[in-house]
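Biologist: Hello! Could you walk me through this structure, step by step?

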Amino acid sequence: MTDLGRAIPAATTTSEIDWSAQHCGVHQAHVSELVRLMPDLAALIATFPGDANRFTWDVKVHMLMPRMFPCIPNWHRDFIPRESGVQRPELASDAEIWMWLSGPPLTEFRNGFVRAKQWFRFTPKDEHRGTPSGDFCWRGFIRAVDSEFMPPKIGDNLRRHSQVYLDSENYMW
Ligand SMILES: [Fe+2]
């Protein structure tokens with residue numbers, strides 16, 4: 001079993017982030033690029049419990065309607081190596097990953113749900129799944145992964161797309 005459940009409350013910030021006013025996010029960015037592109041997140045990133053410079057950062061912003069999933073709905077692991085397109089979970093590393101969610105829908109791990117507004121540590125071996133939104137809302141998701149495992153992408157880190165997951169049974173407008 002990996003180090004699940006090590007949730008650390010983020011320090012209280014004086015103002016809430018207005019996610020509707022942010023960029024779509026960043027993709028595999030160094031923390032300096034994250035803060036340059038999304039300066040409203042600087043105070044929150046300052047509460048990160050590790051050395052932010054040693055991590056590669058992703059941010060995704062979603063506008064959700066009821067029944068939309070902001071992340072993969074089925075049980076899966078992050079950063080699983082593939083060979084010829086096929087996942088090889090037995091090759092998963094113990095790389096340090098952290099996530100932070102602004103609010104529901106909450107990501108579910110095998111042992112329970114991640115709490116909103118807390119830094120939560122996991123690894124590529126920890127299965128989890130997205131859950132559907134119950135409301136009309138904006139949601140911010142932040143993920144940091146050990147940069148020795150995955151170095152920041154050089155170049156433009158501004159995220160261009162942010163998908164939701166649906167099926168025809170659940171689609172509504
Ligand atoms: Fe995931």
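What follows is a short set of questions and answers on this predicted model.

Biologist: How many helices and strands are in the protein chain?

Modeller: Let us read the chain from its N terminus. The elements run β-β-α-α-β-β-β-β-β-β-β-β-β. That gives two helices and eleven strands.

Biologist: What average pLDDT does the protein chain have, and which residues stay under 50?

Modeller: Confidence is a good thing to check early. The protein chain averages a pLDDT of 90, and 89% of the residues score at least 70. Where pLDDT is low, the predicted coordinates should not be read in detail. So the average is 90, and the stretch under 50 is residues 1-14.

Biologist: Which strand is joined to β3 by ten bridges?

Modeller: Strand β3 covers residues 55-64, and it pairs with strand β2 (residues 25-29) in the antiparallel sense over three bridges. In that pairing, Val26 stands opposite Val59. On the other pairing, Thr56 of β3 stands opposite Val145. The strand joined to β3 by ten bridges, again antiparallel, is β11 (residues 137-146).

Biologist: Which residues touch the most other members of the largest nonpolar core?

Modeller: This core has 22 residues. The elements β2, α1 (31-37), β3, β6, β9 (118-122) and β11 each supply at least two of them. One of the core residues, Val59, touches Gly25, Val26, Leu34, Met38, Gly140, Phe141, Ile142 and Arg159, leaving aside residues up to four places away in sequence. The residues that touch the most other members are Val26, Leu34, Trp57, Val59 and Ala144.

Biologist: What share of the contacts with a separation of 6 or more comes from residues 24 or more positions apart?

Modeller: Val59 gives a feel for this, as its partners include Gly140, Phe141 and Ile142. Across the protein chain, residues 24 or more positions apart account for this share of the contacts with a separation of 6 or more: 77%.

Biologist: Why do β8 and β10 each have one side without a neighbour in the sheet?

Modeller: They belong to an open sheet of three strands with antiparallel pairing, in the order β8-β7-β10. Two bridges join β7 (residues 108-109) to β8, and Glu108 has Phe113 in β8 as its bridge partner. One side of β8 (112-113) and of β10 (128-129) is left without a neighbour because both stand at the edges, each with a single partner strand.

Biologist: Where is the cis peptide bond that involves Pro105?

Modeller: Most residues other than glycine have a negative phi, and most peptide bonds are trans. Pro105 is found in the loop between β6 (97-101) and β7. The cis bond, with omega near 0°, runs from Pro104 to Pro105.

Biologist: Is Ser84, with its positive phi, buried or exposed?

Modeller: Ser84 is found in the loop between β4 and β5 (86-87), and its phi is near 50°. A residue counts as exposed if 12 or fewer other C-beta atoms lie within 10 Å of its own. Ser84 has 5 such atoms, so it is exposed.

Biologist: And how many other C-beta atoms lie within 10 Å of Phe79?

Modeller: Phe79 lies in the loop between β3 and β4 (82-83), and its phi is near 60°, a positive value in a residue other than glycine. Phe79 is partly exposed, and the number of other C-beta atoms within 10 Å is 14.

Note on methods:
Residues are numbered from 1 along each chain as its sequence is written. This is a predicted model: local features need pLDDT of at least 70, side-chain atom pairs count only at pLDDT 80 or more; totals for chains, interfaces and linings use all residues. Two strands pair if DSSP finds at least two bridges between them. Helices (H or I, at least four residues) and strands (E, at least two) are DSSP runs, numbered from the N terminus. Two residues are in contact if their C-beta atoms, placed from the backbone, lie within 7 Å. pLDDT is the predictor's confidence in each residue, from 0 to 100. A residue is buried if 20 or more other C-beta atoms lie within 10 Å of its own, exposed if 12 or fewer, and partly exposed in between; C-beta atoms are placed from the backbone. A nonpolar core is a set of buried Ala, Val, Leu, Ile, Met, Phe, Trp, Tyr and Cys residues joined through C-beta atoms within 7 Å.
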